[in-house]
Amino acid sequence: MTITKRFWIALIFSLPMLVGMLLMPFGIMLPGGDWTQLLLTTIVMVVSARPFIISAWASFKKHHANMDTLVAIGTATAYFYSLYALLTGQPVFFESAAFVTTFVLLGQVFEERMRQNASSAVEKLVNLQAKEAEVFRDGHFTAIPVSEVALGDLIRVKPGQKIPVDGVITKGTSSVDESMVTGESMPVAKQSGDAVIGATLNNTGTFVFKADKIGQQTLLAQIVALVKKAQNSHAPIQKLTDRVSSIFVPAVLILAIVTFLVWYVFIGASLANALIFAVSVVVIACPCALGLAIPTALMVGTGRGAKLGILIKNGEVLEAVNDVKTVVFDKTGTITVGKPQVTDVVGDERRVLQIAASLEEASEHPLATAILARAQQAQVTPRPVTAFQAVQGKGVTGQLNGQTAIVGNDKLLTDFKLTAEQTAAMERLQNEAKTVVFVGLAQQIIGLIAIQDAPKATSKEALTRLKRRGLKTVMLTGDNQRVAEAVAQQVGIDQVIAGVLPGDKAAAVAQLQQDGQVAFVGDGINDAPALTTADVGIAMGSGTDIAIDSGGIVLVKNDLRDVDTALALSRKTFSRIKLNLFWAFIYNLLGIPIAAGVFFALGLTLSPELAGLAMAFSSLSVVTSSVLLNRAKLDTAGQTA
């Protein structure tokens, strides 16, 4: 039977007793009197309170005590004493057992609904999945359920339709809204060869793509799996809470016994009143809120992260982030774009690019790709080249309109001379750690092209945010010191460790850990050892491949600014956990003395039913605190929240 059904049964059978209590001052009694209370309470105990008793007994047989132990003992004591009192003609308080059960279940109903709201991020992600796909079968496109899509299928997507699975565009262009999966607010332009993500929305053009990930392999499925895993994980602080609870419950039972003895033996209260105080102590102390403090905050925090394109894999990460002092970055593909790009053209740009593109069109060198991309961007068309020759380690040569043309490094300049202006430009570009390519025609150098794996547009802003947060930033790279220093200067890195082989990165991270907790940010491939060694591993998601085991946090958008957002979210979530624990403990610390009758002389007491209501609201306050994390402002500028 569900918690909700148990609550409604308890409420329905408790209400007549509540009405009877309210009408008693007017001389109107509940029909059947105490015997009716016995019948109503027995139904509540057998149907609604039974799971508490079963759970408490199971824990007792294992020599443990849990939250249900307190509820079971409190309600059972009230019930069986009232049964004894009924048979011996003494005052009864059956209503206490019934009301306590009702209020405890009320708290659990609130908790269950709040949990559902907290985990709604996962449900919303699951609901993003398209239901059908237009697949090319038997010579034409046919709509089939997404579950029947196979790897390699060609799928057509029209404007306004959701992309069914992950794949690569083979025909057509469009702009795609990926915000529902990556959190990226602006539509992303797509053309042939670009990857598309399942569940994202096609905005403008019609295109055909080839399915390369289906079912549980898709980005959406991976995100759902990671978020679910994180929401069911535990932060290390949970172990402390569990230990406290294991000691707290037996301590409360002892305190309840002491309360009973003090009132009954030393103060001389009646047996019924002494029992009421003891039962109130047991009920008010039930640490349900304590058990909710961590998991609810974890569920909300990780769910909010998923909406932002930040996947937090477990609760341990949240606690580790709180103590991070240094953030270490890989260079290539993390701080930089990850592929060479033309940054400068010296000379007549169109003429220089046309000659260079004409020769490099037949080359497979990475620098050639960068030159051709820049020529295409400038709408420069390559011209036919004859007698093409690649000179190992130097560059390429060829005949262009009967004249010898070259594109290469300084080793190719045996018959060419630089002007003073060109020499000055070369030195300036080299000092900026850029690779300089010389373009010559008919024994003359007509221009220079500078190529560099440039920093991402957002890298400098991302590093500035971290500095405002008071964190030390370090770049760890296998590149040479000169190039590394130049990139570090552009983005504002505090320390550079260059010339490090991939296998030695983990040792470098371990060395930095001597000065405090370290977070390492990398691409999750060759950086896996460093990601694992660091206290917090932050993996940059590349395209649709986000299932990186090494990183505790995965940034789906591949945006370095999300490092700061991830740290802010993690710290905010952990802060909310500590706030929840404070509220959970403060209710118990304040409530137990009142329930025990310490302030009885001041007229301040708690009956068992009011203690149950207070306990229910303590759980509600903790869960509400966690849910409000969804609206909490994140300190993403690195200033004090």
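**View 1. Helices α17 and α21 pack against each other in this predicted model.** Here α17 (residues 459-468) meets α21 (residues 561-595) at an angle of about 30 degrees, and their axes are 7 Å apart. Because angles under 35 degrees count as roughly parallel, α17 is described as roughly parallel to α21. On the α17 side, look for Glu-461, Ala-462, Arg-465 and Leu-466; α21 contributes Arg-561, Val-563, Asp-564, Thr-565 and Leu-567. By class, this contact has four nonpolar, one polar and four charged residues.

**View 2. Six strands make an open, antiparallel sheet.** Follow the order β12-β17-β16-β15-β14-β13. The edges are β12 (341-347) and β13 (386-391), each of which pairs on one side only. From one strand to the next, the twist averages 15 degrees.

**View 3. Strands β14 and β15 are joined by six bridges.** Residues 395-400 form β14 and residues 403-408 form β15, and the two run antiparallel. To find your place, start at Gln-399, whose bridge partner in β15 is Thr-404.

**View 4. Helices α15 and α16 meet strands of the sheet.** Helix α15 (residues 366-377) touches β12, β15, β16 (435-441) and β17 (444-452), and its direction makes about 70 degrees with that of β12. Helix α16 (residues 420-431) lies across β12, β16 and β17, running at about 10 degrees to β17.

**View 5. Two spans are listed by UniProt under "transmembrane region" in an unreviewed entry, among others.** Residues 247-266 are 100% helix, with end C-alpha atoms 27 Å apart. For residues 581-604, the helix share is 62% and the end C-alpha atoms lie 26 Å apart.

Definitions and conventions
Residues numbered from 1 in each chain as written. Predicted model: local features only at pLDDT ≥ 70, side-chain atom pairs only at ≥ 80, totals over all residues. Heavy atoms only, no water. Axes fitted to C-alpha atoms, helices over the stretch in contact; angles between N-to-C directions. Helix = DSSP H or I, 4+ residues; strand = E, 2+ residues; numbered from the N terminus. Parallel < 35°, antiparallel > 145°, perpendicular 65-115°, else oblique. Contact = heavy atoms within 4.5 Å. Nonpolar A, V, L, I, M, F, W, Y, C, P; charged D, E, K, R; others polar. UniProt positions renumbered as here; feature names shortened; annotations may be inferred. Pairing = 2+ DSSP bridges.
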